[in-house]
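Here are my notes on the model you sent. They start with the terms, then go from the whole chain down to single residues.

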Amino acid sequence: VQLQASGGGLVQAGGSLRLSCAASGGTVRWYSMGWFRQAPGKEREFVAAIKRTMDMTSYTHSMKGRFITSRDDAKNTVYLQMNSLEPEDTAVYYCATDSRRDYVIVPPRLSWEYDSWGQGTLVTVSS
C-alpha cells in the first residue's frame, strides 16, 4: 500500500486546514490509519488515528477537540481536519497504515505499529 499525504500549507494562527491521505495499491478499509507529526528538532509524535471497526478514533489529548480524523472508504482516503491551529502545530504531518493487523479494534498510537508511511506534508502556522 502506498500513501500520499497532501493539503499542507501556510496558515495563520486560528485558521484551519484539512489534510488528505490517499491510499493506492490496496484498500485500507479494514486497517488502522494514523496521523503523526514531526516538528523541527523534535521527535515524531502521534496525532490521531481511526479504525473502521466501530468507527474507533484516538487522539493525542492536546489535539482532541481541535483535530478530527475521518475516512472515506469509497475513496480509499483518510482526512485530518485541523481547526484553531497554533504556531506549535507547525510540523511535517505524516499518515500511516497498520496493514498487518486488521483485527485490532483500538487504533494504535505508537509509530512502530504502523508499517506503511506517506511522504509527509508540511504545515506551517504563522503567529
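1. Terms and basis. Helices (H or I, at least four residues) and strands (E, at least two) are DSSP runs, numbered from the N terminus. This is a predicted model, in which local features need pLDDT of at least 70, side-chain atom pairs count only at pLDDT 80 or more, and totals for chains, interfaces and linings use all residues. Residues are numbered from 1 along each chain as its sequence is written, and side-chain values use heavy atoms, with hydrogens and water left out.

2. Secondary structure. The protein has 11 strands and 0 helices. Read from the N terminus, the order of elements is β-β-β-β-β-β-β-β-β-β-β.

3. Overall dimensions. The radius of gyration is 13 Å, which agrees with the value near 14 Å for a compact globule of 127 residues. That radius is taken over C-alpha atoms, and the globule rule is 2.2 Å times the number of residues to the power 0.38. Along the principal axes, the C-alpha atoms fill a box of roughly 40 × 25 × 25 Å.

4. Burial and surface. Of the 127 residues, 46% are buried (buried is under 20% relative accessible area, exposed is over 50%, partly exposed is in between; 1.4 Å probe, protein chains only). The protein exposes about 6400 Å², and carbon and sulfur atoms supply 51% of that area. Areas come from the Shrake-Rupley method with a 1.4 Å probe; for residues, only the protein chains shown count as cover.

5. Contacts and charge. Contact here means heavy atoms within 4.5 Å. Among contacts between residues at least 6 apart in sequence, 57% join residues at least 24 apart. There are 14 positive and 12 negative side chains, and the centres of the two sets lie 3 Å apart. Lys and Arg count as positive and Asp and Glu as negative, while His and the chain ends are not counted; the charge is placed at NZ of Lys, CZ of Arg, CG of Asp or CD of Glu.

6. The largest core. A nonpolar core is a set of buried Ala, Val, Leu, Ile, Met, Phe, Trp, Tyr and Cys residues joined through side-chain atoms within 4.5 Å. In soluble globular proteins, nonpolar side chains tend to be buried together. The largest core here has 26 residues, and the members that touch the most others are Trp35, Val47, Phe67, Leu80, Met82 and Tyr93. At least two residues each come from strand 1 (2-6), strand 3, strand 4, strand 5 (45-51), strand 8 (77-82), strand 9 (91-98) and strand 11 (121-126). Strand 3 gives the largest share, 4 residues.

7. Val47 and the second core. Beyond its neighbours within four places in sequence, Val47 contacts Trp35, Phe36, Arg37, Ser58, Tyr59, Thr60, Met63, Phe67, Leu80 and Tyr93. Apart from the largest core lies another, of 5 residues, among them Phe36, Phe46, Ala96 and Tyr114.

8. Ser32. Is this strand 4 residue buried or exposed? Ser32 is buried, because its relative accessible area is 0%. Outside four places in sequence, its contacts include Ile50, Lys51, Ala96, Thr97, Asp98, Val104, Pro107, Pro108 and Tyr114.

9. Asn76 and Gly26. Asn76 sits in the loop between strand 7 (67-72) and strand 8. Its phi is positive, about 55°, although it is not a glycine, and at 14% relative accessible area Asn76 is buried. Gly26, in the loop between strand 3 (17-24) and strand 4 (32-38), is partly exposed at 28%. Not counting residues up to four places away, Gly26 touches Val1 and Asn76. Gly26 and Asn76 are 50 residues apart in sequence, with C-alpha atoms 8.7 Å apart.

10. Ala22. This residue belongs to strand 3 and is partly exposed at 34% relative accessibility. Leaving aside neighbours within four places, Ala22 is in contact with Gln2, Leu3, Gln4, Asn76 and Thr77.

11. Two further loop residues. Ser84, in the loop between strand 8 and strand 9, is not a glycine yet has a positive phi of about 50°; at 41% relative accessibility Ser84 is partly exposed. Asp102 lies in the loop between strand 9 and strand 10 (116-117) and is partly exposed at 46%. Not counting residues up to four places away, Asp102 touches Trp30, Tyr31 and Lys51.
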